[in-house]
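Here is a short, friendly tour of one model, to be read with the sequence and coordinates open beside it. It starts at a single loop residue and works outward.

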Amino acid sequence: MSDGFLHKYFLNNSHKRLHKWVHYFDIYDRHLERFRGKSPVMLEIGVMGGGSLAMWKEYLGEGSRVIGVDINPECKVHEAPGVEIFIGSQDDPAIINAIFAKYPEIDIVLDDGSHVMKHMIASFGLIYDRMKPNGVYMVEDTHTCYWQEFGGGLRREGSFMEFAKHKIDELNAVHARGALPVAEFTRSTDSLSFYDSVVVFERRRQGQRQAPITQGL
Ligand SMILES: C[S@@+](CC[C@H](N)C(=O)[O-])C[C@H]1O[C@@H](n2cnc3c(N)ncnc32)[C@H](O)[C@@H]1O
């Protein structure tokens with residue numbers, strides 16, 4: 001049961017700039033609570049005022065490592081103990097490789113970067129398969145998937161929302177009777193959750209499928 005830490009932290013924040021939609025806090029708690037106090041490694045794409053990195057560090061607790069990546073070099077000032085910031089674009093393989101070279105075991109990713117479709121899809125492609133097997137990949141502010149200026153549009157091929165919808169089929173590929181190849185995504189993904197402006201991918205190796213029948217006397 002959540003103690004409401006994140007929302008309280010947000011409301012009482014008098015430190016670095018922090019900008020979040022209030023309904024995100026329940027979503028964060030639902031998917032991230034299990035990592036608290038377990039020394040996870042979290043990568044947030046998009047640092048801006050540094051407030052969210054500080055919040056994640058407090059939330060995840062001692063031993064956690066919080067990494068930020070941002071295209072703006074000024075974000076570097078938001079580094080702190082346990083908080084490291086890489087400067088570069090979220091779709092640049094070199095910067096993502098540099099992050100994995102130093103932090104090979106990433107548990108949580110939150111994409112709050114450019115919110116541009118091709119960047120969101122590129123980051124997912126560069127990161128998802130390399131995360132820890134029980135990790136969580138969250139993308140927020142996905143309302144931009146419906147906005148042309150971000151490369152989005154309702155049911156527009158190339159929007160992150162369409163990309164995520166296709167992933168539902170990939171998740172179920174073993175049942176598609178060969179119509180869809182069983183991909184690494186199929187084998188490594190447990191669930192997708194769609195919320196207002198947030199999409200969450202929960203990783204977990206898909207196990208042996210069993211459908212036993214039980215019956216009373
Ligand atoms: C919405 S803000 C991040 C807010 C922060 N996560 C928070 O909750 O307070 C988006 C950030 O993404 C950064 N950004 C924009 N394009 C980017 C890109 N291609 N790669 C990485 N960061 C980018 C911007 O410089 C900006 O700081």
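## Loop residues, ligand shell and helices

Serine 197 is partly exposed, with 16 other C-beta atoms within 10 Å. On this scale a residue is buried if 20 or more other C-beta atoms lie within 10 Å of its own, exposed if 12 or fewer, and partly exposed in between, with C-beta atoms placed from the backbone. Please keep in mind that this is a predicted model: local features need pLDDT of at least 70, side-chain atom pairs count only at pLDDT 80 or more, and totals for chains, interfaces and linings use all residues. Residues are numbered from 1 along each chain as its sequence is written.

Serine 197 sits in the loop between β6 and β7, where helices (H or I, at least four residues) and strands (E, at least two) are DSSP runs, numbered from the N terminus. Its phi is positive, about 70°, although it is not a glycine. Most residues other than glycine have a negative phi. Serine 39 also has a positive phi, of about 55°, and belongs to the loop between α2 and β1. Here are the two serines beside a third loop residue, isoleucine 71.

| Residue | Loop | Exposure | Other C-beta atoms within 10 Å |
|---|---|---|---|
| Serine 39 | α2 to β1 | exposed | 12 C-beta atoms |
| Isoleucine 71 | β2 to β3 (83-87) | partly exposed | 18 C-beta atoms |
| Serine 197 | β6 to β7 | partly exposed | 16 C-beta atoms |

Which residues does isoleucine 71 contact, leaving aside its neighbours within four places in sequence? They are Gly88 and Ser89, a contact being two C-beta atoms, placed from the backbone, within 7 Å. The C-alpha atom of isoleucine 71 is also 8.0 Å from that of glycine 46, 25 residues away along the chain.

Gly46 brings us to the ligand, as one of the closest residues to it, along with Met48, Ser52, Gln90 and Ser114. In total 21 residues surround the ligand, counted when the C-beta atom, placed from the backbone, lies within 6 Å of it. β1 (41-45), α3 (51-60) and β2 (65-70) each supply at least two residues of this shell. By class, the shell has six nonpolar, 11 polar and four charged residues. Here Ala, Val, Leu, Ile, Met, Phe, Trp, Tyr, Cys and Pro count as nonpolar, Asp, Glu, Lys and Arg as charged, and the others, Gly among them, as polar.

Now for two helices. In α2 (residues 24-32), Tyr24, Tyr28, His31 and Leu32 are buried. They cover an arc of only 85° around the axis, which puts them on the same side of α2; the arc is that of the directions from the helix axis to the C-beta atoms. Their cover includes α1 (5-12), β4 (108-111), β5 and β7.

In α6, the buried residues are Phe160, Met161 and Ala164. Seen down the axis of α6, they fall within an arc of 100°, so they line one face of the helix. They pack against α5 (117-127), β5 (136-140), β6 (189-195) and β7 (198-203).

Stepping back, the protein has seven helices and seven strands, in the order α-α-β-α-β-β-α-β-α-β-α-α-β-β along the sequence. Buried residues make up 35% of its 217 residues. Its C-alpha trace spans about 60 × 45 × 35 Å along the principal axes.
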